[in-house]
Protein chains: 2
Amino acid sequence: MYKVKVYVTLRESVLDPQGGAVKSALHAMDYQEVTDVRIGKYMELQLESTEKLEERVKEMCEKLLANTVIEDYRFEVEEVVPS
Amino acid sequence: MYKVKVYVTLRESVLDPQGGAVKSALHAMDYQEVTDVRIGKYMELQLESTEKLEERVKEMCEKLLANTVIEDYRFEVEEVVPS
């Protein structure tokens with residue numbers, strides 16, 4: 001069994017209105033030290049072991065989990081040792 | 001300058017319909033090895049250095065970035081060395 005952590009973030013060149021809104025809210029709450037906020041998706045997948053696991057996870061990201069036109073993705077694979 | 005990575009995930013006990021939908025979609029695309037999907041938020045904050053930085057980030061999470069009734073959060077602080 002494997003656990004895959006996927007991080008999907010907007011490309012630097014893409015405007016992040018959601019991040020801007022959170023930044024304004026933090027400023028309104030007196031957290032002036034915040035200079036930038038970028039918001040993305042974090043996904044945890046559990047997978048049974050399979051051949052070419054990394055290749056297939058890459059495919060899942062490219063086809064479904066990330067919109068590669070405006071988003072970047074990266075992932076980390078961890079083996080889950082049954083307790 | 002500091003970069004803070006914030007991970008917000010639904011508590012284990014909370015149903016994740018979005019994750020369920022993604023799992024079904026992955027199965028429909030023949031990725032049967034996926035047994036579970038949990039979806040959360042990933043945020044990158046940039047902050048100027050300030051006193052009690054970790055304490056203030058914790059406050060930001062508790063007050064705004066996470067809904068602590070149904071979500072857990074964790075964060076990592078990195079110092080950004082100006083290039």
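The following exercises, with worked solutions, concern a predicted model of two chains, A and B.

**Exercise 1. Determine how many residues of each chain take part in the contact between chain A and chain B, and how much area the two chains bury.**

Step 1. Counting contacts gives 34 residues of chain A against 34 residues of chain B.

Step 2. The area buried between chain A and chain B is about 3,000 Å². Carbon and sulfur atoms account for 61% of this area.

Step 3. On the side of chain A, the contribution of Tyr31(A), Glu33(A) and Tyr42(A) is 22% of the area buried against chain B, more than that of any other three residues.

**Exercise 2. Describe the largest pocket by its volume, its lining residues and the strands that supply them.**

Step 1. The volume of the largest pocket is about 280 Å³.

Step 2. Its lining consists of 18 residues, of which Ile39(A), Gly40(A), Lys41(A), Gly40(B) and Lys41(B) are the closest to the centre.

Step 3. Both chains provide strands to this lining: β1 (2-10) and β2 (34-47) of chain A, and β1 (2-10) and β2 (34-47) of chain B, each supply at least two residues.

Step 4. Sorted by class, the lining comprises seven nonpolar, six polar and five charged residues.

**Exercise 3. State how many disulfides there are over all chains, and classify Cys61(A) and Cys61(B) as buried or exposed.**

Step 1. A disulfide requires two cysteine sulfur atoms within 2.5 Å. By this rule, the count over all chains is zero.

Step 2. The cut-off for a buried residue is under 20% relative accessible area. Cys61(A) is buried because its relative accessibility is 0%. Cys61(B) likewise has 0% relative accessibility and therefore counts as buried.

Key:
Residues numbered from 1 in each chain as written. Chains lettered and ligands numbered in written order. Predicted model: local features only at pLDDT ≥ 70, side-chain atom pairs only at ≥ 80, totals over all residues. Heavy atoms only, no water. 1 Å grid on protein atoms, 1.4 Å probe; cavity = no way out; pocket = protein on both sides within 12 Å on 5 of 7 lines; lining within 4 Å. Points joined across faces, edges and corners; volume = space filled by probe spheres on them. Helix = DSSP H or I, 4+ residues; strand = E, 2+ residues; numbered from the N terminus. Nonpolar A, V, L, I, M, F, W, Y, C, P; charged D, E, K, R; others polar. Buried < 20%, exposed > 50% of the residue type's maximum accessible area, 1.4 Å probe, protein only. Contact = heavy atoms within 4.5 Å. Buried area = accessible area lost by both parts, 1.4 Å probe.
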